[in-house]
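The following note sets out several points for your consideration, beginning with the chain as a whole and proceeding to its sheet and two of its helices.

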Amino acid sequence: MLDQESSTRWRRRRSPVLVAVALLVATLAPAVPAGATAPPAAPAGPVWGGCPPPAAGAGRDARQECATLRLPLDHRRPHGRQIDVTISRIAAAEPGLRRGILLSNPGGPGGSGLDMPSFLAAVLPAEVLARYDLIGFDPRGVGASTPITCGITDPATMAELALPYPAPDGSIARNVEFARTTARACAAHSGELLPYITTANTARDMDRIRAALGEPKLSFLGYSYGSYLGAVYLSLFPAHGDRIILDSAVDPNRIWRGVFRQWGPSVAVRFPDFTGWLAARHDEYGLGATPAAVTETYVATAAALDRDPLVVPGLVVTGTIYREMTRSLLYRDGNFPQLAAIWWELAQARPPAALPALRRAAPAARVPAAQVPADNNIAVLYAVACGDVAWPRDVDSYARSVAVDRRLFPVTAGMPANVWPCASWPYRPLEPPVAVTGEGPRNVLILQNLRDPSTGWRGALGMRRALDRRAAMVTQDAGGHGVYGIRSGPCAAGIATTFLTTGALPDRDRWCPGPSPDDVDVASVAGPVPSGPLAVR
(Lines give C-alpha, C1' and ligand atoms only; values in the text may rest on other atoms or scores of the structure.)
Protein backbone atom coordinates (compact mmCIF):
# COMPACT_ATOMS: atom_id res chain seq x y z
CA MET A 1 0.00 0.00 0.00
CA LEU A 2 0.56 2.28 1.72
CA ASP A 3 1.87 1.21 2.17
CA GLN A 4 6.33 4.22 0.91
CA GLU A 5 6.33 1.73 0.21
CA SER A 6 7.10 1.84 -2.39
CA SER A 7 8.57 2.25 -4.51
CA THR A 8 9.35 2.54 -7.56
CA ARG A 9 7.99 1.18 -9.62
CA TRP A 10 9.56 -0.81 -12.35
CA ARG A 11 12.93 0.82 -12.34
CA ARG A 12 16.35 -0.84 -12.41
CA ARG A 13 16.71 -3.08 -9.38
CA ARG A 14 16.72 -0.98 -6.27
CA SER A 15 15.58 -1.94 -2.82
CA PRO A 16 12.33 -0.41 -1.56
CA VAL A 17 14.43 1.91 0.59
CA LEU A 18 15.92 3.35 -2.58
CA VAL A 19 12.44 4.08 -3.69
CA ALA A 20 11.46 5.49 -0.32
CA VAL A 21 14.58 7.60 0.19
CA ALA A 22 14.87 8.64 -3.45
CA LEU A 23 11.22 9.62 -3.52
CA LEU A 24 11.47 11.54 -0.28
CA VAL A 25 14.81 13.12 -1.02
CA ALA A 26 13.73 14.47 -4.43
CA THR A 27 11.33 13.27 -3.06
CA LEU A 28 -17.77 14.36 -1.65
CA ALA A 29 -21.36 15.92 -3.41
CA PRO A 30 -23.62 12.89 -3.88
CA ALA A 31 -22.00 9.99 -5.68
CA VAL A 32 -22.76 9.75 -9.38
CA PRO A 33 -23.88 6.19 -10.18
CA ALA A 34 -22.15 4.64 -13.16
CA GLY A 35 -25.36 4.73 -15.17
CA ALA A 36 -26.72 8.08 -13.97
CA THR A 37 -25.85 9.84 -17.21
CA ALA A 38 -25.89 8.70 -20.79
CA PRO A 39 -22.67 6.79 -21.37
CA PRO A 40 -20.15 8.84 -23.33
CA ALA A 41 -18.98 7.63 -26.68
CA ALA A 42 -16.03 5.28 -26.41
CA PRO A 43 -12.73 7.06 -26.95
CA ALA A 44 -11.14 6.58 -30.32
CA GLY A 45 -9.05 3.48 -30.64
CA PRO A 46 -5.45 3.97 -29.52
CA VAL A 47 -2.68 4.69 -31.99
CA TRP A 48 0.16 2.50 -30.82
CA GLY A 49 3.74 3.64 -31.11
CA GLY A 50 6.83 4.26 -29.02
CA CYS A 51 6.67 4.86 -25.28
CA PRO A 52 7.72 8.05 -23.47
CA PRO A 53 11.30 7.97 -22.21
CA PRO A 54 11.50 5.99 -18.98
CA ALA A 55 12.89 7.24 -15.71
CA ALA A 56 16.65 7.07 -15.46
CA GLY A 57 17.86 3.49 -15.27
CA ALA A 58 14.52 1.85 -16.07
CA GLY A 59 14.42 -1.28 -18.19
CA ARG A 60 11.76 -2.02 -20.79
CA ASP A 61 10.74 -4.97 -22.96
CA ALA A 62 11.31 -4.17 -26.64
CA ARG A 63 7.82 -5.47 -27.46
CA GLN A 64 6.09 -2.87 -25.30
CA GLU A 65 4.25 -0.11 -27.16
CA CYS A 66 2.33 2.91 -25.91
CA ALA A 67 -0.55 5.20 -26.81
CA THR A 68 -2.22 8.23 -25.28
CA LEU A 69 -5.98 8.61 -24.77
CA ARG A 70 -7.80 11.88 -24.18
CA LEU A 71 -10.27 11.37 -21.34
CA PRO A 72 -12.53 13.71 -19.36
CA LEU A 73 -11.09 15.35 -16.28
CA ASP A 74 -14.62 15.19 -14.84
CA HIS A 75 -16.54 12.14 -16.02
CA ARG A 76 -19.80 13.90 -15.20
CA ARG A 77 -18.89 16.39 -17.94
CA PRO A 78 -17.55 14.16 -20.71
CA HIS A 79 -17.21 17.04 -23.17
CA GLY A 80 -15.43 19.35 -20.74
CA ARG A 81 -11.71 19.61 -20.09
CA GLN A 82 -9.73 16.59 -21.26
CA ILE A 83 -6.56 15.09 -19.81
CA ASP A 84 -4.00 12.63 -21.14
CA VAL A 85 -3.94 9.05 -19.90
CA THR A 86 -1.04 7.10 -21.38
CA ILE A 87 -1.38 3.33 -21.76
CA SER A 88 0.98 0.53 -22.76
CA ARG A 89 0.70 -2.96 -24.22
CA ILE A 90 2.52 -6.21 -24.85
CA ALA A 91 0.34 -8.40 -27.04
CA ALA A 92 -0.62 -11.96 -26.10
CA ALA A 93 2.15 -14.39 -26.95
CA GLU A 94 -0.20 -16.85 -28.68
CA PRO A 95 -3.01 -15.06 -30.57
CA GLY A 96 -4.88 -18.32 -31.06
CA LEU A 97 -5.26 -18.69 -27.28
CA ARG A 98 -5.95 -15.02 -26.57
CA ARG A 99 -8.72 -14.39 -24.04
CA GLY A 100 -8.57 -10.62 -23.66
CA ILE A 101 -6.69 -7.93 -21.74
CA LEU A 102 -5.01 -8.07 -18.34
CA LEU A 103 -4.89 -4.51 -17.01
CA SER A 104 -2.53 -3.92 -14.09
CA ASN A 105 -1.63 -1.41 -11.41
CA PRO A 106 1.54 -1.47 -9.26
CA GLY A 107 0.22 0.36 -6.20
CA GLY A 108 0.85 3.73 -4.68
CA PRO A 109 -1.24 5.80 -4.94
CA GLY A 110 1.15 7.57 -7.25
CA GLY A 111 2.95 4.59 -8.78
CA SER A 112 3.65 4.63 -12.50
CA GLY A 113 2.21 1.56 -14.20
CA LEU A 114 3.37 2.29 -17.73
CA ASP A 115 6.11 -0.35 -17.62
CA MET A 116 4.01 -2.97 -15.84
CA PRO A 117 3.66 -5.02 -19.06
CA SER A 118 7.45 -5.31 -19.26
CA PHE A 119 7.61 -6.42 -15.63
CA LEU A 120 4.77 -8.92 -15.93
CA ALA A 121 6.14 -10.34 -19.18
CA ALA A 122 9.29 -11.26 -17.25
CA VAL A 123 7.62 -12.91 -14.25
CA LEU A 124 4.23 -14.40 -15.14
CA PRO A 125 3.89 -17.99 -16.35
CA ALA A 126 3.88 -18.68 -20.09
CA GLU A 127 0.29 -19.96 -20.01
CA VAL A 128 -0.88 -16.55 -18.73
CA LEU A 129 1.24 -14.59 -21.21
CA ALA A 130 -0.20 -16.68 -24.03
CA ARG A 131 -3.78 -15.64 -23.22
CA TYR A 132 -3.67 -11.95 -22.39
CA ASP A 133 -2.55 -8.67 -23.82
CA LEU A 134 -0.69 -7.09 -20.91
CA ILE A 135 -1.97 -3.53 -20.46
CA GLY A 136 -0.37 -0.90 -18.25
CA PHE A 137 -1.13 2.74 -17.70
CA ASP A 138 -0.05 5.79 -15.80
CA PRO A 139 -3.11 6.67 -13.70
CA ARG A 140 -4.46 10.18 -14.00
CA GLY A 141 -2.05 12.67 -12.49
CA VAL A 142 0.92 10.30 -12.77
CA GLY A 143 3.97 10.43 -14.99
CA ALA A 144 3.04 10.51 -18.68
CA SER A 145 -0.66 11.11 -17.93
CA THR A 146 -0.99 14.89 -17.33
CA PRO A 147 1.15 14.86 -14.18
CA ILE A 148 0.45 16.95 -11.11
CA THR A 149 2.86 18.53 -8.64
CA CYS A 150 2.83 20.16 -5.24
CA GLY A 151 5.98 22.12 -6.06
CA ILE A 152 7.98 20.38 -3.34
CA THR A 153 11.65 20.93 -4.05
CA ASP A 154 13.53 20.78 -0.75
CA PRO A 155 15.10 17.31 -0.42
CA ALA A 156 15.85 17.57 3.30
CA THR A 157 12.29 18.50 4.19
CA MET A 158 10.89 15.72 2.02
CA ALA A 159 13.21 13.14 3.52
CA GLU A 160 12.06 13.95 7.04
CA LEU A 161 8.40 14.82 6.55
CA ALA A 162 6.82 13.37 3.39
CA LEU A 163 5.77 10.49 5.60
CA PRO A 164 4.84 12.03 8.95
CA TYR A 165 7.35 10.76 11.47
CA PRO A 166 6.99 12.86 14.64
CA ALA A 167 9.90 14.57 16.33
CA PRO A 168 12.07 12.40 18.59
CA ASP A 169 10.16 13.63 21.65
CA GLY A 170 6.81 12.77 20.05
CA SER A 171 5.82 16.31 19.15
CA ILE A 172 3.81 16.65 15.92
CA ALA A 173 4.20 20.43 15.58
CA ARG A 174 6.51 20.16 12.57
CA ASN A 175 4.14 17.66 10.93
CA VAL A 176 1.20 19.99 11.40
CA GLU A 177 3.09 22.87 9.81
CA PHE A 178 4.25 20.67 6.91
CA ALA A 179 0.68 19.46 6.36
CA ARG A 180 -0.65 23.02 6.20
CA THR A 181 2.02 24.44 3.93
CA THR A 182 1.97 21.38 1.65
CA ALA A 183 -1.82 21.47 1.26
CA ARG A 184 -1.57 25.11 0.20
CA ALA A 185 1.29 24.34 -2.20
CA CYS A 186 -0.58 21.46 -3.85
CA ALA A 187 -3.56 23.75 -4.45
CA ALA A 188 -1.36 26.52 -5.81
CA HIS A 189 0.42 24.26 -8.31
CA SER A 190 -2.30 21.82 -9.37
CA GLY A 191 -5.52 23.20 -7.96
CA GLU A 192 -7.85 22.72 -10.94
CA LEU A 193 -6.79 19.09 -11.30
CA LEU A 194 -6.56 18.03 -7.65
CA PRO A 195 -10.25 17.36 -6.85
CA TYR A 196 -10.45 14.89 -9.74
CA ILE A 197 -7.35 12.81 -8.91
CA THR A 198 -9.31 10.10 -7.10
CA THR A 199 -9.63 6.34 -7.10
CA ALA A 200 -13.18 6.47 -8.44
CA ASN A 201 -12.15 8.62 -11.39
CA THR A 202 -9.17 6.37 -12.13
CA ALA A 203 -11.56 3.40 -12.14
CA ARG A 204 -13.74 5.28 -14.63
CA ASP A 205 -10.63 5.86 -16.74
CA MET A 206 -10.02 2.11 -16.65
CA ASP A 207 -13.42 1.49 -18.17
CA ARG A 208 -12.72 4.02 -20.89
CA ILE A 209 -9.45 2.18 -21.59
CA ARG A 210 -11.41 -1.07 -21.86
CA ALA A 211 -13.84 0.53 -24.30
CA ALA A 212 -11.06 2.11 -26.37
CA LEU A 213 -9.48 -1.31 -26.77
CA GLY A 214 -12.79 -2.76 -27.95
CA GLU A 215 -13.02 -5.26 -25.12
CA PRO A 216 -16.34 -6.27 -23.51
CA LYS A 217 -14.57 -7.03 -20.22
CA LEU A 218 -11.19 -6.62 -18.59
CA SER A 219 -9.16 -8.83 -16.30
CA PHE A 220 -7.07 -7.07 -13.69
CA LEU A 221 -4.01 -7.61 -11.51
CA GLY A 222 -3.67 -4.92 -8.86
CA TYR A 223 -1.05 -4.79 -6.13
CA SER A 224 -1.37 -2.93 -2.83
CA TYR A 225 -3.29 0.30 -3.53
CA GLY A 226 -4.18 -1.37 -6.83
CA SER A 227 -6.32 -3.81 -4.84
CA TYR A 228 -8.58 -0.94 -3.79
CA LEU A 229 -8.61 0.45 -7.31
CA GLY A 230 -9.70 -2.95 -8.63
CA ALA A 231 -12.43 -3.29 -6.01
CA VAL A 232 -13.77 0.18 -6.83
CA TYR A 233 -13.80 -0.69 -10.53
CA LEU A 234 -15.80 -3.83 -9.84
CA SER A 235 -18.29 -1.86 -7.79
CA LEU A 236 -18.77 0.80 -10.47
CA PHE A 237 -18.74 -1.59 -13.43
CA PRO A 238 -19.72 -5.05 -12.15
CA ALA A 239 -20.61 -6.34 -15.61
CA HIS A 240 -17.26 -5.39 -17.12
CA GLY A 241 -14.93 -7.33 -14.81
CA ASP A 242 -13.61 -10.69 -15.99
CA ARG A 243 -10.92 -12.32 -13.80
CA ILE A 244 -9.70 -10.05 -11.01
CA ILE A 245 -6.67 -10.57 -8.74
CA LEU A 246 -6.24 -8.25 -5.76
CA ASP A 247 -2.73 -8.84 -4.40
CA SER A 248 -1.75 -7.47 -0.96
CA ALA A 249 -5.13 -5.95 -0.26
CA VAL A 250 -6.35 -3.02 1.80
CA ASP A 251 -9.59 -2.76 3.74
CA PRO A 252 -11.97 -0.67 1.58
CA ASN A 253 -13.87 0.41 4.68
CA ARG A 254 -10.79 2.02 6.29
CA ILE A 255 -9.77 4.40 3.50
CA TRP A 256 -7.36 6.15 4.06
CA ARG A 257 -6.41 7.13 7.56
CA GLY A 258 -7.30 3.70 8.91
CA VAL A 259 -5.23 1.97 6.22
CA PHE A 260 -2.19 4.07 6.98
CA ARG A 261 -2.53 3.57 10.71
CA GLN A 262 -2.37 -0.20 10.19
CA TRP A 263 1.28 0.21 9.20
CA GLY A 264 2.11 0.22 12.93
CA PRO A 265 0.83 -3.25 13.81
CA SER A 266 1.75 -4.63 10.38
CA VAL A 267 5.41 -3.66 10.79
CA ALA A 268 5.33 -5.00 14.36
CA VAL A 269 4.22 -8.40 13.02
CA ARG A 270 6.86 -8.39 10.29
CA PHE A 271 9.80 -7.06 12.35
CA PRO A 272 10.53 -10.38 14.16
CA ASP A 273 11.21 -12.03 10.79
CA PHE A 274 14.23 -9.77 10.46
CA THR A 275 15.38 -9.73 14.08
CA GLY A 276 15.24 -13.54 14.14
CA TRP A 277 17.21 -13.69 10.90
CA LEU A 278 19.85 -11.35 12.36
CA ALA A 279 20.07 -13.17 15.68
CA ALA A 280 20.76 -16.42 13.81
CA ARG A 281 23.72 -14.64 12.20
CA HIS A 282 25.10 -13.09 15.38
CA ASP A 283 28.62 -14.28 14.64
CA GLU A 284 28.56 -12.43 11.31
CA TYR A 285 26.89 -9.14 12.32
CA GLY A 286 27.22 -8.95 16.10
CA LEU A 287 23.97 -7.03 16.50
CA GLY A 288 22.44 -9.31 19.11
CA ALA A 289 22.35 -13.00 19.91
CA THR A 290 18.57 -13.05 20.38
CA PRO A 291 15.68 -11.24 18.64
CA ALA A 292 15.18 -9.17 21.80
CA ALA A 293 18.83 -8.11 21.81
CA VAL A 294 18.64 -7.20 18.11
CA THR A 295 15.57 -5.06 18.83
CA GLU A 296 17.50 -3.27 21.58
CA THR A 297 20.22 -2.48 19.02
CA TYR A 298 17.62 -0.97 16.70
CA VAL A 299 16.11 1.19 19.43
CA ALA A 300 19.52 2.36 20.64
CA THR A 301 20.76 3.21 17.14
CA ALA A 302 17.60 5.16 16.30
CA ALA A 303 17.89 7.13 19.56
CA ALA A 304 21.57 7.89 18.90
CA LEU A 305 20.75 9.19 15.41
CA ASP A 306 17.94 11.30 16.88
CA ARG A 307 20.51 12.98 19.13
CA ASP A 308 23.39 13.15 16.67
CA PRO A 309 22.52 12.66 12.97
CA LEU A 310 25.17 11.20 10.71
CA VAL A 311 26.15 13.27 7.68
CA VAL A 312 26.69 11.18 4.56
CA PRO A 313 27.32 12.79 1.15
CA GLY A 314 23.89 13.52 -0.26
CA LEU A 315 22.01 12.54 2.88
CA VAL A 316 21.75 13.37 6.57
CA VAL A 317 20.86 10.15 8.38
CA THR A 318 18.54 10.99 11.26
CA GLY A 319 16.58 8.60 13.41
CA THR A 320 13.64 9.19 11.06
CA ILE A 321 15.65 8.20 7.99
CA TYR A 322 16.93 5.11 9.80
CA ARG A 323 13.41 4.05 10.80
CA GLU A 324 12.10 4.57 7.28
CA MET A 325 14.99 2.66 5.71
CA THR A 326 14.18 -0.22 8.03
CA ARG A 327 10.43 -0.12 7.34
CA SER A 328 10.94 -0.01 3.59
CA LEU A 329 13.53 -2.78 3.44
CA LEU A 330 11.21 -5.10 5.37
CA TYR A 331 9.16 -5.37 2.16
CA ARG A 332 11.37 -8.19 0.84
CA ASP A 333 13.27 -11.04 2.49
CA GLY A 334 15.90 -10.50 -0.19
CA ASN A 335 16.68 -7.10 1.35
CA PHE A 336 17.71 -8.57 4.71
CA PRO A 337 21.48 -8.71 4.02
CA GLN A 338 21.51 -5.09 2.87
CA LEU A 339 19.49 -3.94 5.87
CA ALA A 340 21.76 -5.90 8.22
CA ALA A 341 24.82 -4.22 6.70
CA ILE A 342 23.23 -0.77 7.15
CA TRP A 343 22.37 -1.54 10.77
CA TRP A 344 25.91 -2.74 11.42
CA GLU A 345 27.45 0.38 9.91
CA LEU A 346 25.19 2.72 11.85
CA ALA A 347 25.54 0.82 15.13
CA GLN A 348 29.28 1.43 15.30
CA ALA A 349 30.45 4.16 17.63
CA ARG A 350 32.44 5.63 14.76
CA PRO A 351 31.08 4.15 11.52
CA PRO A 352 33.60 3.34 8.80
CA ALA A 353 34.15 6.31 6.52
CA ALA A 354 33.02 4.42 3.42
CA LEU A 355 29.62 3.23 4.75
CA PRO A 356 29.19 1.16 1.56
CA ALA A 357 25.79 -0.37 2.37
CA LEU A 358 24.27 2.93 3.43
CA ARG A 359 25.69 4.79 0.44
CA ARG A 360 24.24 2.18 -1.94
CA ALA A 361 20.83 2.69 -0.31
CA ALA A 362 20.83 6.47 -0.57
CA PRO A 363 21.20 7.93 -4.07
CA ALA A 364 21.68 11.67 -4.10
CA ALA A 365 18.46 12.38 -5.97
CA ARG A 366 15.61 10.80 -7.82
CA VAL A 367 15.85 11.35 -11.56
CA PRO A 368 12.34 11.27 -13.02
CA ALA A 369 11.42 10.88 -16.65
CA ALA A 370 11.59 14.05 -18.70
CA GLN A 371 8.77 16.52 -18.03
CA VAL A 372 7.65 14.68 -14.89
CA PRO A 373 7.85 16.77 -11.69
CA ALA A 374 10.26 15.37 -9.13
CA ASP A 375 7.52 15.27 -6.49
CA ASN A 376 4.92 13.69 -8.79
CA ASN A 377 4.57 10.40 -6.88
CA ILE A 378 4.06 12.04 -3.53
CA ALA A 379 1.74 14.69 -5.00
CA VAL A 380 -0.55 11.97 -6.37
CA LEU A 381 -0.38 10.09 -3.07
CA TYR A 382 -1.65 13.18 -1.29
CA ALA A 383 -4.26 13.97 -3.94
CA VAL A 384 -5.82 10.50 -3.82
CA ALA A 385 -5.62 10.12 -0.06
CA CYS A 386 -7.22 13.54 0.45
CA GLY A 387 -9.66 13.39 -2.46
CA ASP A 388 -11.13 9.95 -1.83
CA VAL A 389 -12.39 10.76 1.66
CA ALA A 390 -12.43 13.68 4.13
CA TRP A 391 -9.98 13.55 7.04
CA PRO A 392 -10.45 14.86 10.58
CA ARG A 393 -9.34 18.48 10.97
CA ASP A 394 -8.78 18.33 14.73
CA VAL A 395 -5.01 18.41 15.22
CA ASP A 396 -5.28 17.23 18.81
CA SER A 397 -6.83 13.94 17.69
CA TYR A 398 -3.67 13.15 15.70
CA ALA A 399 -1.43 14.03 18.65
CA ARG A 400 -3.37 11.63 20.87
CA SER A 401 -3.19 8.86 18.29
CA VAL A 402 0.54 9.33 17.84
CA ALA A 403 1.11 9.11 21.61
CA VAL A 404 -0.79 5.82 21.74
CA ASP A 405 0.98 4.30 18.75
CA ARG A 406 4.42 5.28 20.01
CA ARG A 407 3.78 3.11 23.06
CA LEU A 408 2.13 0.21 21.24
CA PHE A 409 4.30 0.08 18.10
CA PRO A 410 7.67 1.69 18.85
CA VAL A 411 9.35 0.41 15.67
CA THR A 412 7.39 2.94 13.58
CA ALA A 413 7.54 5.67 16.28
CA GLY A 414 3.95 6.86 15.83
CA MET A 415 4.30 7.81 12.15
CA PRO A 416 1.33 5.75 10.88
CA ALA A 417 -1.10 7.62 13.17
CA ASN A 418 0.15 11.11 12.40
CA VAL A 419 -1.35 14.04 10.50
CA TRP A 420 -1.24 14.27 6.69
CA PRO A 421 -1.86 17.28 4.41
CA CYS A 422 -5.41 15.90 4.12
CA ALA A 423 -6.21 17.49 7.50
CA SER A 424 -5.72 20.89 5.84
CA TRP A 425 -6.76 19.98 2.29
CA PRO A 426 -8.48 22.93 0.60
CA TYR A 427 -11.00 20.80 -1.32
CA ARG A 428 -13.75 18.62 0.05
CA PRO A 429 -14.19 15.24 -1.69
CA LEU A 430 -16.50 15.47 -4.70
CA GLU A 431 -18.30 12.26 -3.79
CA PRO A 432 -18.36 9.72 -0.97
CA PRO A 433 -16.12 6.64 -1.21
CA VAL A 434 -17.48 3.98 -3.53
CA ALA A 435 -19.17 1.20 -1.57
CA VAL A 436 -17.38 -2.11 -2.13
CA THR A 437 -19.90 -4.95 -1.75
CA GLY A 438 -20.52 -8.56 -2.66
CA GLU A 439 -22.97 -7.71 -5.43
CA GLY A 440 -21.89 -9.24 -8.73
CA PRO A 441 -20.33 -12.40 -10.11
CA ARG A 442 -17.86 -14.53 -8.14
CA ASN A 443 -14.69 -13.58 -10.00
CA VAL A 444 -12.19 -12.15 -7.48
CA LEU A 445 -9.06 -13.77 -6.02
CA ILE A 446 -7.39 -12.06 -3.05
CA LEU A 447 -3.73 -12.97 -2.43
CA GLN A 448 -2.07 -12.02 0.85
CA ASN A 449 1.10 -12.62 2.81
CA LEU A 450 0.43 -13.27 6.49
CA ARG A 451 3.17 -10.85 7.63
CA ASP A 452 2.94 -8.03 5.11
CA PRO A 453 4.47 -4.87 6.66
CA SER A 454 2.49 -2.50 4.45
CA THR A 455 -0.92 -3.92 3.64
CA GLY A 456 -1.37 -6.18 6.63
CA TRP A 457 -3.41 -9.37 6.78
CA ARG A 458 -6.25 -7.70 8.69
CA GLY A 459 -6.72 -5.27 5.82
CA ALA A 460 -6.99 -8.12 3.33
CA LEU A 461 -9.53 -9.76 5.61
CA GLY A 462 -11.52 -6.51 5.48
CA MET A 463 -11.46 -6.66 1.67
CA ARG A 464 -12.56 -10.30 1.80
CA ARG A 465 -15.49 -9.46 4.05
CA ALA A 466 -16.53 -6.51 1.88
CA LEU A 467 -16.55 -8.60 -1.31
CA ASP A 468 -18.25 -11.49 0.48
CA ARG A 469 -19.39 -14.19 -1.96
CA ARG A 470 -17.64 -12.51 -4.89
CA ALA A 471 -14.18 -13.50 -3.68
CA ALA A 472 -11.91 -16.27 -2.44
CA MET A 473 -8.86 -15.41 -0.35
CA VAL A 474 -5.50 -17.18 -0.28
CA THR A 475 -3.23 -16.45 2.70
CA GLN A 476 0.43 -17.33 2.22
CA ASP A 477 2.53 -18.05 5.31
CA ALA A 478 5.22 -15.52 4.43
CA GLY A 479 6.46 -12.03 5.17
CA GLY A 480 6.94 -9.19 2.76
CA HIS A 481 4.79 -7.19 0.36
CA GLY A 482 3.46 -8.76 -2.83
CA VAL A 483 2.72 -12.35 -3.82
CA TYR A 484 1.98 -13.28 -7.45
CA GLY A 485 4.92 -12.74 -9.75
CA ILE A 486 6.91 -11.38 -6.83
CA ARG A 487 7.61 -14.13 -4.30
CA SER A 488 5.08 -16.89 -3.93
CA GLY A 489 5.29 -20.55 -3.18
CA PRO A 490 3.89 -23.06 -5.66
CA CYS A 491 0.57 -23.26 -3.81
CA ALA A 492 -0.41 -19.57 -4.11
CA ALA A 493 1.14 -19.19 -7.56
CA GLY A 494 -0.67 -22.27 -8.83
CA ILE A 495 -4.05 -21.03 -7.63
CA ALA A 496 -3.53 -17.64 -9.27
CA THR A 497 -2.36 -19.11 -12.57
CA THR A 498 -5.25 -21.57 -12.67
CA PHE A 499 -7.70 -18.74 -12.05
CA LEU A 500 -6.31 -16.57 -14.86
CA THR A 501 -6.14 -19.43 -17.34
CA THR A 502 -9.37 -21.31 -16.53
CA GLY A 503 -11.45 -18.99 -14.36
CA ALA A 504 -11.61 -21.57 -11.55
CA LEU A 505 -11.61 -20.09 -8.04
CA PRO A 506 -11.10 -22.16 -4.89
CA ASP A 507 -14.48 -23.15 -3.43
CA ARG A 508 -13.29 -21.84 -0.05
CA ASP A 509 -10.57 -19.61 1.35
CA ARG A 510 -7.17 -21.28 1.36
CA TRP A 511 -4.03 -21.32 3.50
CA CYS A 512 -0.77 -21.87 1.59
CA PRO A 513 2.78 -22.45 2.77
CA GLY A 514 5.18 -19.71 1.82
CA PRO A 515 8.10 -20.00 -0.59
CA SER A 516 11.03 -22.07 0.54
CA PRO A 517 14.26 -20.29 1.52
CA ASP A 518 15.77 -21.46 -1.77
CA ASP A 519 13.03 -19.96 -3.96
CA VAL A 520 14.26 -17.00 -5.98
CA ASP A 521 12.77 -13.60 -5.26
CA VAL A 522 11.83 -12.43 -8.74
CA ALA A 523 12.61 -8.87 -7.69
CA SER A 524 16.25 -9.86 -7.99
CA VAL A 525 15.72 -11.11 -11.53
CA ALA A 526 13.04 -8.99 -13.15
CA GLY A 527 13.59 -5.62 -11.52
CA PRO A 528 11.59 -3.68 -8.98
CA VAL A 529 8.22 -4.82 -7.75
CA PRO A 530 5.17 -2.96 -6.49
CA SER A 531 5.64 -0.87 -3.43
CA GLY A 532 5.28 2.82 -3.46
CA PRO A 533 4.39 5.27 -0.78
CA LEU A 534 1.67 2.79 0.11
CA ALA A 535 3.29 0.13 -0.95
CA VAL A 536 0.35 1.05 -0.40
CA ARG A 537 4.75 2.20 -0.95
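1. In this predicted model, buried residues account for 60% of the 537 residues in the protein chain. The chain exposes about 18900 Å², and carbon and sulfur atoms supply 55% of that area.

2. The secondary structure of the protein chain consists of 19 helices and 11 strands. An open sheet is formed by 9 strands in the order 1-2-4-3-5-6-9-10-11, with mixed pairing. Strand 1 (65–72) and strand 11 (510–513) occupy the edges; each has a single partner strand, so one side of each lacks a neighbour in the sheet. From one strand to the next, the twist averages 20°.

3. Within the sheet, strand 3 (residues 100–105) and strand 5 (residues 218–223) run parallel and are joined by 4 bridges. Opposite Asn105 stands Gly222, a residue of strand 5.

4. Helix 17 (residues 457–467) packs on the sheet, where it touches strand 6 (241–247), strand 9 (444–451) and strand 10 (471–479). The direction of helix 17 makes about 160° with that of strand 9.

5. Helix 13 (residues 336–347) permits a check on its geometry. At 1.5 Å a residue, its 12 residues should span 16 Å, and the end C-alpha atoms are 16 Å apart, which agrees.

6. Which residues of helix 13 are buried? They are Phe336, Gln338, Leu339, Ala340, Ile342, Trp343, Glu345 and Leu346. In reading such a list, one may recall that an α-helix has 3.6 residues a turn, so residues three or four places apart point the same way.

Notes
Residues are numbered from 1 along each chain as its sequence is written. This is a predicted model: local features need pLDDT of at least 70, side-chain atom pairs count only at pLDDT 80 or more; totals for chains, interfaces and linings use all residues. Side-chain values use heavy atoms; hydrogens and water are left out. Helices (H or I, at least four residues) and strands (E, at least two) are DSSP runs, numbered from the N terminus. The expected span of a helix is 1.5 Å times one less than its number of residues. Buried means under 20% relative accessible area, exposed over 50%, partly exposed in between (1.4 Å probe, protein chains only). Two strands pair if DSSP finds at least two bridges between them. Axes are lines fitted to C-alpha atoms, for helices over the stretch in contact, and angles run from 0 to 180 degrees between N-to-C directions. Contact means heavy atoms within 4.5 Å. Accessible areas come from the Shrake-Rupley method with a 1.4 Å probe; for residues, only the protein chains shown count as cover.
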